Amino acid sequence: MLDISMFREHSDVIRADHDRRGLTHESIDEVIRLDEEWRSTRYNADQLRKARNEAARSIAEAKKSGDSSAADAILAEVADIGAQIDKLAEHSDECLEQRDALRMRIPNILHAEVPIGEDDQKNTLHSMHGEKVELGFEPRNHNDLIEMNGWVDQARGAKVAGSRFYFMQGDLARLEMALQQYGADFLRGRGYTLVQPPLMMNRDAYEGVTDLADFETVMYGIEPDNYYLIATSEHPLTAMRMDEIIEPSELPIRLVGVSVCFRREVGAHGLSDRGIWRVHQFTKVEQIVICHPDDSWGHHEELLGNAVDLWDSLGLHYRVVNICTGDMGTVAARKYDLEAWLPGVGDYKEVVSCSNCTDYQANRLRMRYRTTEGNETVHTLNSTAIATSRALVAILEQNQMKDGRVGVPEALRPYMDGQETLEPLH
RNA sequence: GCAGACGUCGCUUAGCCUGGUAGAGCGCCGGAUUUGAAAUCCGGUGUCCUUGUGACUCGGGAGUUCAAAUCUCUCCGUCUGCGCCA
């Protein structure tokens, strides 16, 4: 959510951003109109409250001096003032509610270097890392590999839960745990504090961190208790400090979250999605930074650097792209994706997403830091380190051998008793 | 799950019974004093708006009242005890 002062004092900036995104200005105008109406109605209500307070004070004084007839006289004068206040207050509350409901849907101001384009085809190349391995045989896709080795039981996952659920087993399950451990250790080594968050959140906290449309398409709701299963540990870790005023000495806050992530994946379908690429449940190691507004662009590069070094250390080939305006979403001001090379698919696919959300989440979460002039809004950033399911797919396809076994990246071997290849399930 | 206690400004707390301007201490910021520091003293330190002798704010919401931190209802959370439990 953009600060209201942006609409009052710099609406030209929001308008220019909407132009870049190809959006009309209607919502902006409506927010400004509702804001003005709220302010004037609010002012009128305040004036009446002032009169009521003065009357109440007079009554108190009159009663104290024992003059009950004077008290009654004042009381008669202000008899209907309460009803007038209620009427104005009701209208002003409506205006404020509508203003902010609309404001919640207006996207963040994009960084100047975000490329303009309508969809992911217009994302631009940032950098290439590693090299395509020459396998010397026709590569299998990850779905064939997990099926022939018995590493994932999709049929029984569907039986006991539903489609896109699965049992991961044997050496692949061990590799999954190794990835979690390795990713967490890697970031702890760079000063990030390991956090295991709640896997469910309440509505209020959740609205602070995500696009409202996500409640329909992404999150699972837990009915009788009104909780939502988290779609990523970014959400609880960012909301962790909501409604707090943070001491500047605590900034920047660097966290590495490890959690299971739950996603409904409404609308996803197709044979190309078989396997564990797009599933309802996976584990993710996530980087979070909460920082001073002046430092967030530096931290954005730091998060990308961490992800790059981590993926380099796994010996995988991938590229980094700049996400364009049409592919950006509501919350981020700038986003890089890491796209891993998948030989079985013959294309690069998204495995990491690295975002600077500037003050957009922090405004909704009322998350500020103390300054001598008052309290200022912090900035929040997040980046995948390892989404295990997708990292596994990249490892499976890039490290596959002719017989269908898969090489374990050297960095992960210490977490697997030194094992060098994934063996079929017996 | 049951019973009780509790939730007040960044922190600790007073005020609640008996409705009438939310007070104190600590921390922080600024100033005075000092060679410098400590100590001391003075002022400031929640949110909003049309900056006023302004409005709002005491976990959230609703109600009673001219007036609610205070009374009533309800929801949430914390603590203690009992029960259950990996």
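This is a dialogue about a strand and an RNA surface in a predicted model.

Biologist: What are the ground rules for this model?

Modeller: Local features need pLDDT of at least 70, side-chain atom pairs count only at pLDDT 80 or more, and totals for chains, interfaces and linings use all residues. Residues are numbered from 1 along each chain as its sequence is written, chains are lettered from A and ligands numbered from 1 in the order in which they are written, and side-chain values use heavy atoms, with hydrogens and water left out.

Biologist: Why is strand β12 called largely enclosed?

Modeller: Buried means under 20% relative accessible area, with a 1.4 Å probe and protein chains only. In β12 (residues 334-342), 9 of the 9 residues are buried, so the rest of the structure largely encloses this strand. Strands are DSSP runs of E, at least two residues, numbered from the N terminus.

Biologist: What makes β12 and β13 a pair?

Modeller: Pairing takes at least two DSSP bridges between two strands. β12 and β13 (residues 347-356) have 9, in the antiparallel sense. One bridge joins Ala-340 to Lys-349 in β13.

Biologist: Which residues come nearest to RNA strand B?

Modeller: Near means that a heavy atom of the residue lies within 4 Å. Of the 20 residues around RNA strand B, Arg-8, Arg-39, Tyr-43, Asp-46 and Arg-370 come nearest.

Biologist: What makes the approach of Arg-8 to a phosphate oxygen of RNA strand B a polar contact?

Modeller: A polar contact is a pair of N or O atoms within 3.5 Å. An N or O atom in the side chain of Arg-8 is 2.3 Å from that phosphate oxygen, within the cut-off.

Methods:
Buried means under 20% relative accessible area, exposed over 50%, partly exposed in between (1.4 Å probe, protein chains only). Helices (H or I, at least four residues) and strands (E, at least two) are DSSP runs, numbered from the N terminus. A polar contact is a pair of N or O atoms within 3.5 Å; within protein, one must be able to donate a hydrogen and the other to accept it, and residues adjacent in sequence count only if both atoms are side-chain atoms.
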